[in-house]
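Hi everyone, thanks for having me. Please pull up the sequence and the structure, and we'll walk through them together.

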Amino acid sequence: MPEKKTKSEVANTSDVNTDIPFRLEIEVDRSSSTPLHYQISGPLEAQILSGSLSAGTLIEDEVSMARRLNVSRPTARRALQDLVGKGLLSRRRGAGTRVTPTHVHRPIGLTSLEDDLTKAGFETKTDVLSYEVLLAGEKEQQLLHCERGVEVVRVKRLRWSDGEPLAILVNLLPAAIAPTLSDLSRAGLYACLRSNGVTLATAQQAVTALAASSEQAQLLKVSKGDPLLTLSRTVYDHSGAVVEYGDHVYNAARYTLSFASAAE
């Protein structure tokens, strides 16, 4: 387990008493540009997503957390509430704040759309619509858990299968590990990351539906308002660091998402 996680006071074992509050052992850095609530919520999120904290685990209350970490109570409350908003924690009066039992912790045999289509026998093509290097603002800081002002890369691609547009893929990555534009023109994103030595360990994913906007309809060759599937995915390495955030849109008439889970 990564060094940062060995400081935790509760391990992920079947006989852990989930009524003993878990206390996140970190040292906040007030000289960092990363907000204090991100410094708390980030490591806690990584442990939940990695499975180090099992469903139902009771989390230390905000008053105790604020006192122990020497931060304000609103800061501790914001950190916990951010994870509630992501569906990772649930808060109930009388039951405290707990790791939500409905969240799926999925180890990545994470394949890319490019890999899946190729293995299924489809002919694929990728158009890179844009490739931007920018300085992280508040949104990028939150999505990548990075410091504000560091360089990040945003890529927008159109994926084709058998001559028809299938998906619009928007990905955000730390610039230090992002593939080049020429790399992405030749291979899928995850293949590029792995070839650069980046390990994909776990992911948080959410699937929703929406009606096609004018731009999406034009790119996917559908009518405005037609149903589309969306998949947002945050990918972590073994240390819990975010290596990629993806926001993908699929033509629902040509694409189906299915999920399988193994018995534990």
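**A strand and its neighbours**

Let's start with one pair: I59 stands opposite T97 in β3. Before we go on, a word on what we are looking at. This is a predicted model, where local features need pLDDT of at least 70, side-chain atom pairs count only at pLDDT 80 or more, and totals for chains, interfaces and linings use all residues. Residues are numbered from 1 along each chain as its sequence is written, and side-chain values use heavy atoms, with hydrogens and water left out.

Back to our pair. β1 and β3 run antiparallel and are joined by two bridges; strands count as paired if DSSP finds at least two bridges between them. The strand names come from DSSP too: strands are E runs of at least two residues, helices are H or I runs of at least four, and both are numbered from the N terminus.

β3 also pairs with β2, again in the antiparallel sense, over four bridges. One of the partnerships there is L89 with V99 in β3. The two strands make a hairpin with three residues between them, and G94 in the turn has a positive phi of about 90 degrees.

Which residues of β3 are buried? T97 and V99 are, and they point to one face, while G96 and R98 point to the other and are not buried. Buried here means under 20% relative accessible area, exposed means over 50%, and partly exposed is in between, using a 1.4 Å probe and protein chains only.

**A helix with one buried face**

Now find helix α3, residues 73-85. Its 13 residues reach 18 Å from first C-alpha to last, close to the 18 Å expected at 1.5 Å a residue; the expected span is 1.5 Å times one less than the number of residues. The buried residues of α3 are T75, A76, A79, L80, D82 and L83. Seen down the axis of α3, they fall within an arc of 150 degrees, so they line one face of the helix. That arc is taken from the directions from the helix axis to the C-beta atoms. Here is the general idea: an α-helix has 3.6 residues a turn, so residues three or four places apart point the same way.

What do the buried residues of α3 pack against? They pack against α1, β1, α2 and β2, where a contact means heavy atoms within 4.5 Å. Just before this helix, in the loop between α2 and α3, sits N70. N70 has a positive phi of about 60 degrees although it is not a glycine, and it is exposed, with a relative accessible area of 56%.

**A second hairpin**

Let's move along to β6 and β7, which run antiparallel and are joined by 10 bridges. In this pairing, R157 stands opposite L169 in β7. The hairpin has two residues between its strands, and D162 takes a positive phi near 50 degrees. D162 is partly exposed, at 45% relative accessible area.

How many of the 11 residues of β7 are buried? Eight are, so β7 is largely enclosed by the rest of the structure. On β10, six bridges join it to β7, and these strands run antiparallel. One of those pairs is A167 with Y250 in β10.

**The whole chain**

Finally, let's zoom out. The protein has eight helices and 10 strands, and buried residues make up 41% of its 264 residues. Thanks for listening!
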